[in-house]
Amino acid sequence: MPGFGASAGVTESSKSAFHLWQGFSIGAVIIGALVVVLMLWAIVRYRRKGDRIPEQHQYHLPLEVIYTVVPILIVFGLFAATLVVENKATANPKTNVVVNVNAFQWGWQFLYPGTNALVYGQTTQSPIMEIPVNTNVHINLTSTDVIHGFYVRAFNFSRYALPGVVNQFTIRAQSTGTFFGQCTQLCGLYHSLMFFRVKVVTPTQYAQWLSTFNNPADIAKAAAALATTNAELASGVASKTSYTKFGR
Ligand SMILES: [Cu+2]
């Protein structure tokens, strides 16, 4: 089936959003075709054949009821389908993997509470958020300074990163690979360089990756950063303290 310009992506919710889009598009094509056929039929069948004024009809009650009720039913159908897909996208099931994502001018910090993993990168460093495949990953998204946008095209997903607000959502990637992400809110001078990547790996690779942070230096960095993000998440008010700029 055609994608009508969209792609299915690699997460559960990206796929359901894609299917919704396909359904809407196919519905629009069918209704559009019906309207065109009816128009052409009326134009050709009832075209002017002479100077005689044709018989005049009005108030065809059954027909009027049908063309009032059918569109209402269609709107309800579209609404119901949207509701189902949106509920899937915003569902927050219990998860074992949590990532605290902090956007800042102009980069991203990914902190994995309960582990020593901390990834920090700005502008051209394009930090990588590593997550395991086929696993629910809970994201706590916030911003340190201004409004940013967390957007991953392959996830068909975007959320504001707002200072003072923690946006929470769950992603479940179904294929491994590295996917491109970027900030989608004009947030200042280097907004155009505010990139990141999401690397989806097998659970074994993920565990291995986490273990690379088990050294005294990284443990200390993660503990320091965790104290800051925990305070932010608890208060719901983003701290103005800029994070210690350590890269990885
Ligand atoms: Cu930004």
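## Exercises on a two-domain predicted model

Five strands come together in an open sheet with mixed pairing, running in the order β3-β2-β1-β5-β8. The model is predicted, so let's work through it with that in mind.

**Exercise 1.** Find which strands are the edge strands of the sheet, and give the average twist from one strand to the next.

*Solution.* Start from the strand order, β3-β2-β1-β5-β8. Next, look for strands that pair on one side only: these are β3 (118–122) and β8 (167–171). Finally, follow the twist across the sheet, which averages 20 degrees from one strand to the next.

**Exercise 2.** In what sense do β2 and β3 pair, and over how many bridges? Which residue of β3 is the bridge partner of L111?

*Solution.* A reminder to begin with: strands of a sheet pair through backbone hydrogen bonds, in either a parallel or an antiparallel way. Here, β2 (residues 107–111) runs antiparallel to β3, with five bridges between the two strands. Now go to L111: its bridge partner in β3 is L118.

**Exercise 3.** Describe how domain 1 meets domain 2, beginning with the domain bounds.

*Solution.* First, mark the bounds on the chain: domain 1 covers 12–90 and domain 2 covers 97–235. Second, take the C-alpha centres of the two domains, which are 43 Å apart. Third, turn to the contacts, counting C-beta atoms within 7 Å: six residues of domain 1 touch seven residues of domain 2. On the domain 1 side, helix α1 (residues 12–45) supplies the largest share, five residues. Last, sort that side by character: two residues are nonpolar, three are polar and one is charged.

Methods. Residues are numbered from 1 along each chain as its sequence is written. This is a predicted model: local features need pLDDT of at least 70, side-chain atom pairs count only at pLDDT 80 or more; totals for chains, interfaces and linings use all residues. Domain bounds come from an automatic or database domain assignment. Two residues are in contact if their C-beta atoms, placed from the backbone, lie within 7 Å. Helices (H or I, at least four residues) and strands (E, at least two) are DSSP runs, numbered from the N terminus. Ala, Val, Leu, Ile, Met, Phe, Trp, Tyr, Cys and Pro count as nonpolar, Asp, Glu, Lys and Arg as charged, and the others, Gly among them, as polar. Two strands pair if DSSP finds at least two bridges between them. Axes are lines fitted to C-alpha atoms, for helices over the stretch in contact, and angles run from 0 to 180 degrees between N-to-C directions.
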